[in-house]
Amino acid sequence: VFDLPTISSGQVQLFQRDGQWFATDEGSRNGTALNGLALTKDDPRPVRDGDVLHLSKHVTLVFHSPESLGSWLLQHVP
């Protein structure tokens with residue numbers, strides 16, 4: 001949950017289907033982009049480790065699947 005004026009309450013949805021993660025915009029007022037390409041509500045896009053989600057102009061997230069997050073944390077967190 002992000003409490004920022006430029007982030008919509010329903011900004012983005014991440015879901016898994018057949019072992020693949022997907023992202024879709026949830027009708028946000030300021031837009032969501034995946035690797036620089038705008039997401040839309042009715043067009044889920046596949047998301048892979050290292051992909052970048054931009055929520056509005058103020059929040060950038062790098063996606064790591066739950067399955068790979070443990071190894072990423074071991075490499076990046078002291």
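Which residue in strand 7 is the bridge partner of Leu53? In this predicted model, that partner is Leu61. The pairing belongs to a wider match between strand 6 (residues 52-55) and strand 7 (residues 59-62), which run antiparallel and are joined by 4 bridges. Together the two strands make a hairpin, with 3 residues sitting between them. One of the turn residues, Ser56, has a positive phi of about 60°.

A separate piece of strand architecture is the open sheet, built from 3 strands in the order 1-2-5 with antiparallel pairing. Its edges are strand 1 (12-17) and strand 5, each of which pairs on one side only. Going from one strand to the next, the twist averages 40°. Strand 1 and strand 2 are held in register by 6 bridges, again in the antiparallel sense. Phe15 gives a handy reference point here, since its bridge partner in strand 2 is Phe22.

Strand 3 (residues 32-34) is where Thr32 turns up. Is Thr32 buried or exposed? Its relative accessibility comes out at just 3%, so Thr32 counts as buried, the cut-off for that label being under 20%. The side chain of Thr32 still finds a polar partner: it makes a polar contact with the side chain of Asp25 at 2.7 Å. Leaving aside residues up to four places away in sequence, Thr32 touches Gln11, Val12, Asp25, Leu37, Ala38, Leu39, Leu53, His54 and Leu55. Leu53, then, shows up twice in this account, as a contact of Thr32 and as the bridge partner of Leu61.

On to charges. Side chains of opposite charge can pair when their charged atoms come close. How many salt bridges does a search of the whole structure find? The count is 2. One of them brings together the side chains of Lys41 and Glu26, at 3.6 Å from N to O. This pair ties together distant parts of the chain, 15 residues apart: Lys41 comes from the loop between strand 4 (37-38) and strand 5 (45-47), while Glu26 comes from the loop between strand 2 (20-25) and strand 3. Neither end is buried, because Lys41 has a relative accessible area of 46% and is partly exposed, and Glu26, at 28%, counts as partly exposed too.

Asp43 and Arg45 form a salt bridge as well, with the closest N and O atoms 3.1 Å apart. Asp43 has a relative accessibility of 32% and so counts as partly exposed. Arg45 is also partly exposed, its relative accessible area being 26%.

Terms used:
Residues numbered from 1 in each chain as written. Predicted model: local features only at pLDDT ≥ 70, side-chain atom pairs only at ≥ 80, totals over all residues. Heavy atoms only, no water. Buried < 20%, exposed > 50% of the residue type's maximum accessible area, 1.4 Å probe, protein only. Polar contact = N/O pair within 3.5 Å; in protein donor to acceptor, adjacent residues only side chain to side chain. Contact = heavy atoms within 4.5 Å. Salt bridge = Lys/Arg side-chain N within 4 Å of Asp/Glu carboxyl O. Pairing = 2+ DSSP bridges. Axes fitted to C-alpha atoms, helices over the stretch in contact; angles between N-to-C directions.
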